[in-house]
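Work through the exercises below with the sequence and the structure side by side, and try each task before reading its solution.

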Amino acid sequence: MPAAADYPPIAVLLGGPSAEHDVSIISGTAIGEALAGAGLEVTLILIDLDGQWWWLPRDHRREGRTHAAYDDPRSLGADGPYRVGAAIDRLAVGVGSRPAPESTSRAGSAPSPVVFIALHGPFGEDGIAQGLLEAAGLAYTGSGVLGSAVGMDKTVQKRIWRGLGLPVVDWREVQLPAWRAARGAVLEELQAFAAAAGDPRLMIKPARLGSSVGMTLAHTPAEREQALELAFGYDTLAVVERYLAEARDLEVSVIGNDMPLGLYGPGEIVAGREFYDYAAKYTPGLSETSIRAEIPAPMRATILKFARDAYRSVGAAGFARVDFLLRGDEIYLSEINTIPGFTPISLFPTMPAEAGLDFTAVCLRVIDLALERQAARPRGRLRPEDLPR
């Protein structure tokens, strides 16, 4: 691993205009403090709920501050706001520099940073931020545009996995226009879906969101309608899954760009509520976690293989967390998270401890992989004379 002085500046993006804003702040701050503690030059860039970018002061620390304080960057002495285009321009000429309005030249600019994307949910995890950084030629952590987009969309990833023969829980997809036009017909279809499974309970959630936001375990037909309304408050597409009673929640950390991948876990979560909802995920002490689930060795090997196949099939890179449901001997892929949580109670950054990687080492490895991918990017630019005639 390189020495701290060998790393370029690091810009950590946190916050974001999504329902996972607060969780991202916790993750991004933890990442920034770990990297700064390792001697790297780190700048935290807060994206507020309106999509404006703010450069936080270099001495900024989270201790003693509430979530609300982070939603008002002015109270933190932040530099901004910058709209997206201006923010990307500023990053392109060096994380601490301001681009001259009359020129886009990088002559004499500071070293370009590696952008550590700690944004959860839409904009940061679905390929949009990745596309902006890709267009600017900046190195960034994690998956590229395609892997991020597929990793964010639970319906697309399920179709890919089922097509490859990987095990997924049966599901249905509900589009908002269909719900508005024929609510009764949709509910009838879901009733038939639940009846075929022999259990009235259905798991209903937005298709393109994380952290269990907008997610409901609907126990009765009446609750299904309310659950869909909640899901459509966050997305125009809802996923309705068959409920697996008494299933165990397992997670695998995947780190790497190419084979061989680092596969760690699976760890296990014992939710402190009926299912692993937002409160169970982020309330300290409510749920219990273990970085190594008690399962037979052959089952562990199968789960790690499924995690590897799931990761590669969506085009993921850098790192991700792959989630599973285990009921008896039945293993099911649940979803992939291409920017999993880096909170103090998150399993993703702690499971690699089995290979001797602590939180800081995981963050540094993620940056190494971003630099590796950037170095492999084709550098050639087509000239007019190169075009086919």
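Three exercises follow, each with a worked solution, and they concern a predicted model.

**Exercise 1.** Find which residues of helix α4 (residues 128-135) are buried, and decide how they are arranged around the helix.

*Solution.* Begin with the list of buried residues in α4, which consists of A129, Q130 and L133. An α-helix has 3.6 residues a turn, so residues three or four places apart point the same way. Looking down the axis of α4, one finds its buried residues within an arc of 100 degrees, so they line one face of the helix. As a last step, ask what this face meets: the buried residues of α4 pack against α3 (84-92), β5 (114-117), β6 (139-140) and α5 (145-152).

**Exercise 2.** Determine how α5 and helix α6 (residues 154-163) are oriented to each other, and which residues form their contact.

*Solution.* The two axes come within 5 Å and cross at roughly 95 degrees. Angles of 65 to 115 degrees count as roughly perpendicular, and α5 and α6 are therefore roughly perpendicular to each other. In the contact, V150, G151 and M152 of α5 meet K154, V156, Q157 and I160 of α6. Sorted by kind, the residues of this contact comprise 4 nonpolar, 2 polar and 1 charged.

**Exercise 3.** Establish whether the faces of strand β2 (residues 42-47) are covered or open, and how the strand pairs with β1.

*Solution.* Start by counting, which shows that 6 of the 6 residues of β2 are buried. In a regular strand the side chains alternate between the two faces of the sheet. Taking each side of β2 in turn, V42, L44 and L46 are buried on one, while T43, I45 and I47 are buried on the other, and both faces are covered. Finally, strand β1 (residues 10-15) pairs with β2 in the parallel sense over 6 bridges, and A11 has T43 in β2 as its bridge partner.

Terms used: Residues numbered from 1 in each chain as written. Predicted model: local features only at pLDDT ≥ 70, side-chain atom pairs only at ≥ 80, totals over all residues. Heavy atoms only, no water. Buried < 20%, exposed > 50% of the residue type's maximum accessible area, 1.4 Å probe, protein only. Helix = DSSP H or I, 4+ residues; strand = E, 2+ residues; numbered from the N terminus. Arc of directions from axis to C-beta. Contact = heavy atoms within 4.5 Å. Axes fitted to C-alpha atoms, helices over the stretch in contact; angles between N-to-C directions. Parallel < 35°, antiparallel > 145°, perpendicular 65-115°, else oblique. Nonpolar A, V, L, I, M, F, W, Y, C, P; charged D, E, K, R; others polar. Pairing = 2+ DSSP bridges.
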